[in-house]
Amino acid sequence: MQKPNKRLENQTCIITGSSGGIGKAVAQAMGAEGANIVVNYRSSKEAAEEVADEINKNKLCGEAIVIKCDVSKEEDVKSMFKKTINHFGTVDVCVANAGLQIDHPLHEMPLEAWKKVIDVNLTGQFLCAKEAINEFLRRGMRKDVSNSLGKIIHMSSVHEEIPWAGHANYAASKGGLLMLMESICQAYAPHKIRCNSIAPGAIKTDINKDVWSTKEGRENMLKLIPYKQIGVPEDIGSVASWLASDESEYINGTTIFVDGGMTCYPGFTTNG
Ligand code: BGC
């Protein structure tokens with residue numbers, strides 16, 4: 001776990017999809033900064049409870065609770081925010097992280113696979129941002145806690161920039177997130193709301209296990225990463241906790257790529 005820094009003390013963070021993978025690392029990192037944490041899950045209740053228990057064992061931290069919610073359903077998202085506000089008083093940071101891949105070549109992609117990915121990865125982030133903004137505006141500024149009214153972090157991907165054959169639904173959802181994030185910044189920055197994205201590259205989680213779990217897959221992955229290292233969820237957790245803190249106060253409307261240089265297109269090193 002990250003070294004405690006208390007940069008998020010007295011703040012409450014909702015992290016969607018935080019029962020495992022990148023979301024879990026973000027919850028742990030923000031917990032280590034002294035924040036109250038909402039560990040959100042859709043189906044993995046036990047795993048979510050383990051994440052919360054671990055954060056609660058750290059005496060320096062705020063409190064972690066677990067809330068079930070399918071981010072693609074408006075009534076679920078509204079209820080998650082309501083429960084959080086009832087328990088902690090408000091929300092200061094929303095990390096819209098829940099996301100999935102359902103891969104098919106485009107000409108064979110069932111409409112359901114297209115819709116499901118857009119519903120969770122893009123509509124889910126819209127629904128969370130909407131509730132978060134409403135709560136930030138309702139609550140008003142608390143200068144003793146943060147210089148910003150509230151912070152929204154969208155978990156995007158290098159595929160908001162890099163096209164991805166066989167994953168058009170996923171790439172389209174992440175490309176859409178870029179415009180969602182920038183539009184939120186443009187509209188709400190005057191209210192001192194910060195909205196940014198983190199774009200992870202190849203990070204070792206269940207979502208890409210089929211690739212990194214074989215030698216050939218790992219070698220192919222590393223060809224795409226100039227830094228020659230596959231990322232780990234903690235690489236994202238540390239950036240997210242900093243991005244939620246006042247140390248990054250003047251950053252707004254930006255995507256931070258955490259990808260070992262993947263977006264520098266290493267295939268062009270010798271050719272092109
Ligand atoms: C995807 C992973 C992939 C990585 C780099 C991520 O957004 O979810 O499956 O390994 O991008 O291509």
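This dialogue covers the ligand site and one exposed residue in a predicted model.

Student: Which residues surround the ligand?

Tutor: A residue counts as near the ligand if one of its heavy atoms lies within 4 Å of it. Here that gives Q101, S157, H159, W164, Y170, G201, A202, I207, N208, M221 and M262.

Student: How many residues of that shell are nonpolar, polar or charged?

Tutor: The shell around the ligand has 6 nonpolar and 5 polar residues, and no charged ones.

Student: Which side chains have an N or O atom at a short listed distance from a ligand oxygen?

Tutor: A polar contact is a pair of N or O atoms within 3.5 Å. In the side chain of Q101, an N or O atom is 2.6 Å from an oxygen atom of the ligand. For S157, a polar side-chain atom lies 2.7 Å from a ligand oxygen. The side chain of N208 has an N or O atom 3.2 Å from an oxygen atom of the ligand.

Student: How much of the ligand does the protein bury?

Tutor: The reference is the ligand taken alone, which exposes 310 Å². The protein buries 90% of that area.

Student: Where does the ligand sit?

Tutor: The ligand is in the largest pocket.

Student: Turning to F268, is this residue buried or exposed?

Tutor: Exposed means over 50% relative accessible area. F268 has 59%, so F268 is exposed.

Student: Where is F268 found?

Tutor: F268 belongs to the segment after β7, the strand spanning 255-258. F268 and I256 are 12 residues apart along the chain, and their C-alpha atoms are separated by 22 Å.

Technical notes:
Residues numbered from 1 in each chain as written. Predicted model: local features only at pLDDT ≥ 70, side-chain atom pairs only at ≥ 80, totals over all residues. Heavy atoms only, no water. Helix = DSSP H or I, 4+ residues; strand = E, 2+ residues; numbered from the N terminus. Buried < 20%, exposed > 50% of the residue type's maximum accessible area, 1.4 Å probe, protein only. Polar contact = N/O pair within 3.5 Å; in protein donor to acceptor, adjacent residues only side chain to side chain. Areas by Shrake-Rupley, 256 points an atom, 1.4 Å probe, with all protein chains shown as cover. 1 Å grid on protein atoms, 1.4 Å probe; cavity = no way out; pocket = protein on both sides within 12 Å on 5 of 7 lines; lining within 4 Å. Sits in = over half its atoms within 2 Å of the grid points. Nonpolar A, V, L, I, M, F, W, Y, C, P; charged D, E, K, R; others polar.
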